[in-house]
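Here are a few short exercises to work through with the model open beside you. Try each one yourself before reading its solution.

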Amino acid sequence: MQTPQEALSVLVVDDQVMPRLLARAALESLGHRVIEASNPTQAVQVFIEHRPDLVLLDVEMPQHDGYWVAQQIRAAEQGGWTPILFLSGRHGDEDIWRGIEAGGDDFLAKPITTTLLGAKLRAMQRLLMMRAKLLQRSEELRLANAQLQQLSLHDSLTGLFNRRAIDERLHQEIAACRREGQPLSVALLDIDHFKRFNDKAGHLAGDTCLKQVAKLLEEACLRPRDLAGRYGGEEFALILPLTPRSGAMTYARALLRTLHRAALAHPDSPIGPQVTLSGGITTCVPDEATTAEGLLLRADDALYNAKRKGRNRFFSYEMQLDTEEQLQLSRGS
Ligand SMILES: Nc1nc2c(ncn2[C@@H]2O[C@H](COP(=O)(O)OP(=O)(O)OP(=O)(O)O)[C@@H](O)[C@H]2O)c(=O)[nH]1
C-alpha cells in the first residue's frame, strides 16, 4: 500500500481512447503511474492481476457499466479497499447516488482538470494512509493479545501450560470424555528429592532441571489431546484423554524409561545418581459426579502412595498398584 507522498499506480478504465489518454497525461504530470483497461471485463482482470492503488472508472461503457466493474472489484478485493473514483459525463444526483451505492468513493464530472484530479487523489491518499495505520494498529493489537494469551496460559520458566490452563483443559476434557463415554486419565508428577537437588546444586541448576523434565514431558505428549503442564513448584500434571487405566500405567512406565535414558544428573538423591519422578494417576469414564477437583485429589493421593512406596514410580489410584508391581505382574503372566 502506498504512503501519501509516493506515486500511486492508477487503473484508468474507459472504452474511449481520448479520455484514457487525457487521464494518463494528467496522472503522469502528477507523478503517478498508469495502467489502462478499455472494457469492463478487462478492467476486472487487470485489477486482479495488478492490484492498483486507485481506480479511475468511466461509467458508460458497452456490455457492462462502471457500476458493474466497481461491484466486481469490491467482491475481488475481499477485506481490502481500493479507492474508486467515477468519471462521467452524467453527474446528476441519481448518478452520484448509484455510483456510491455500487462501491465508488467519489464521483467526478468529465471533463476534469488536472488540479481537481490531483486534489481528489490527495484526499484518497490520506484515507489510504489512515487505513494503513489502522490496519497496522489492529495487527499490533492482535499480536499483543496473542502474547497476553500465551503468557496467561503458560509457565514462564518451562514454557509448559500453567495451572490455569491445566484447570481449564481438565474441565473441558471431563465434559468431552463424558459425552464420548471415553476414559480420562490424569496424573500428578513430582521430582523426587528436589529440595536436596536445590540445596546441593543451587536454585539455578534446579531451574535447568525443571526445564529439562518439562521438555521430556512435552515430548511424551504424542496424541493431539494429551497435555503436559506445570502444576506448581516441582510438580507437573498430565491430562491423557481416551486413555484407560492400564494404558495410563503403560504410558507412565514408558515415561520413566525415557527419563532414565535422559540420565539427568541428581547431585544428592538417595535413590541414585539420576533425577527420578514419582506420579499419581487416576482414571475414570467421567459421569455427572466427576469434578476436576475430585480427580486432582485422587491423583494427589496416588502420588503420595508412590512417594511412600519408594519413589521413582507411578501409582494408580483405581488399581491400587504401582508401575513396579504392574511390571512384575506382567512378567509373571
Ligand atoms: N529451582 C527451583 N526449585 C523449586 C521451584 N519451585 C519449587 N522448588 C523447590 O522444590 C523443592 C520441593 O521440595 P519438597 O516439597 O520438600 O519435595 P522433595 O525434596 O522433592 O521431596 P519428595 O517430593 O518427597 O521427593 C523445594 O526446595 C522448592 O524450593 C522452582 O521454580 N525452581
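**Exercise 1.** Find what share of the contacts with a separation of 6 or more joins residues 24 or more positions apart.

*Solution.* In this predicted model, start with contacts whose separation is 6 or more; of these, 66% are between residues 24 or more positions apart. Next, place that figure beside the secondary structure, which comprises 11 helices and 11 strands. Finally, look at burial: 35% of the 333 residues are buried.

**Exercise 2.** Decide whether Asp58 is buried or exposed, and list its contacts beyond four places in sequence.

*Solution.* First, locate the residue: Asp58 belongs to strand 3, which covers residues 54-58. Then count its surroundings: 25 other C-beta atoms lie within 10 Å of Asp58. The cut-off for a buried residue is 20 or more, so Asp58 is buried. Now set aside the neighbours within four places in sequence; Asp58 then contacts Val13, Asp14, Asp15 and Pro19, along with Gly66, Leu87 and Ser88. As a last step, check the record: an unreviewed UniProt entry places "modified residue: 4-aspartylphosphate" at Asp58.

**Exercise 3.** Describe the shell around the ligand: how many residues does it have, and which elements each supply at least two of them?

*Solution.* Begin with the count: 17 residues surround the ligand, and the closest are Asp192, Phe194, Lys195, Gly206 and Gly233. Then trace the shell to its elements: strand 6 (184-191), helix 7 (194-201) and helix 8 (203-220) each supply at least two residues. Finish by sorting the shell by class, which gives 8 charged, 5 polar and 4 nonpolar residues.

Technical notes:
Residues numbered from 1 in each chain as written. Predicted model: local features only at pLDDT ≥ 70, side-chain atom pairs only at ≥ 80, totals over all residues. Near = placed C-beta within 6 Å. Helix = DSSP H or I, 4+ residues; strand = E, 2+ residues; numbered from the N terminus. Nonpolar A, V, L, I, M, F, W, Y, C, P; charged D, E, K, R; others polar. UniProt positions renumbered as here; feature names shortened; annotations may be inferred. Buried ≥ 20, exposed ≤ 12 C-beta atoms within 10 Å, placed from the backbone. Contact = placed C-beta atoms within 7 Å.
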